[in-house]
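Dear colleague,

Please find the structure below. My notes on two helix pairs and one residue follow it.

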Amino acid sequence: MNNTTKNLQEQPDLLVVKNLTKHFPVRSGLLQRITAWVQAVDKVSFAVKRGETLGMVGESGCGKTTVGRSILRLIEPTSGEVSFEGKNVLAMNNKELKPFRRDMQIIFQDPYASLNPRMPIGESVMEGLQIHKIGAPKERWEIAINMLKKVGLEEYHARRYPHEFSGGQRQRIGIARALALNPKFIVCDEPVSALDVSIQSQVLNILKDLQKEFGLTYLFIAHNLSVVEHISDRVAVMYLGKMVELTDRESLYREPLHPYTQALLSAIPKPHPGVKRERTILKGDVPSPLNPPKSCRFHTRCPIAVEKCGQDEPEFKEVRPGHWVACWFAE
């Protein structure tokens with residue numbers, strides 16, 4: 001455990017999520033009655049320290065983006081509790097929630113879809129300031145320009161439109177817009193997955209530099225384990241709406257305890273052609289979230305599953321200091 005991890009452990013929890021659940025209704029028939037529920041997120045619990053970057057990984061459809069958006073109440077959770085600085089965000093009405101919007105922001109996966117194509121980017125960055133009535137128009141413009149410069153753009157860019165920028169530049173604009181309100185916590189929803197590899201490193205370095213400068217806390221959602229290793233302090237692994245492993249970065253990449261995490265890490269290509277990695281090939285398909293297994297959700301594809309795995313659900317518990325796993329064989 002390095003000094004940075006030790007320092008973060010001493011920090012207070014900025015965000016605490018308990019039993020977060022989100023089920024989406026499936027409607028059918030002429031009257032559009034609810035016939036089933038998609039269990040996108042099911043009783044997910046974790047905490048994020050102030051100044052920390054918590055990476056969240058898993059296959060597409062595992063529920064990680066739903067977790068991020070439910071925390072911010074961009075979609076309303078079915079149940080659970082989200083505490084930000086000791087206050088339950090899910091219990092707030094719209095009037096009480098508005099001040100918290102300034103402290104909790106999001107960077108979207110698709111930077112082009114998240115920008116208004118008819119609005120110059122300077123106005124897009126200022127939009128949050130106008131909604132929260134921060135400063136006079138001149139002050140808002142100065143804040144917008146300053147934020148654009150923080151992410152490597154210039155003042156003349158503020159008068160251009162989104163279609164005039166590359167994908168990497170548009171993502172920088174999205175970062176500047178999230179920073180304009182001076183937030184404490186940012187959900188980074190796969191912010192580099194749509195970018196070229198060379199541009200990914202630039203955006204990741206910008207995020208790390210801004211975190212140091214402004215004392216930001218990140219929930220970094222991604223499916224690229226190499227990217228998560230580069231930026232995260234701790235890593236949470238999700239599978240089919242459940243969290244299956246949570247620990248610090250070094251422990252996860254050195255000695256993963258859950259079979260699903262081991263399979264994910266075995267798929268990371270080695271940079272040296274002569275070095276071979278033993279692959280863990282998962283058989284079968286991911287079960288449907290409409291009717292997930294009542295026991296361990298991974299047992300249908302797990303290479304070490306036994307009869308018990310298909311009968312009882314393992315508890316998500318701390319098997320080592322700071323290392324949480326949901327597996328019967330983790331210990």
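Helix α4 passes helix α5 in a right-handed crossing (the near helix is turned clockwise from the far one by less than a right angle). This is a predicted model, in which local features need pLDDT of at least 70 and side-chain atom pairs count only at pLDDT 80 or more, while totals for chains, interfaces and linings use all residues. Residues are numbered from 1 along each chain as its sequence is written, and side-chain values use heavy atoms, without hydrogens and water.

Two packed helices are described by the angle between their axes and the distance between the axes. For α4 (residues 121–131) and α5 (residues 137–150), the angle is about 120° and the axes are 9 Å apart. The two are therefore oblique to each other (neither under 35 degrees, nor over 145, nor 65 to 115). Among the residues in contact (heavy atoms within 4.5 Å) are V125 and L129 of α4 and W141 and M147 of α5.

The second pair is α6 (residues 167–179) and α7 (residues 197–214), which pack at about 15° with axes 10 Å apart. That angle makes α6 roughly parallel to α7 (under 35 degrees). Their contact includes I175 and L179 of α6 and I206 and F214 of α7.

Finally, T247 lies in strand β10 (residues 242–248). Is T247 buried or exposed? T247 is buried, with a relative accessible area of 0% (buried means under 20%, exposed over 50%). A polar atom of the T247 side chain lies 3.4 Å from the backbone oxygen of G322.

Yours sincerely

Note on methods
Axes fitted to C-alpha atoms, helices over the stretch in contact; angles between N-to-C directions. Helix = DSSP H or I, 4+ residues; strand = E, 2+ residues; numbered from the N terminus. Buried < 20%, exposed > 50% of the residue type's maximum accessible area, 1.4 Å probe, protein only. Polar contact = N/O pair within 3.5 Å; in protein donor to acceptor, adjacent residues only side chain to side chain.
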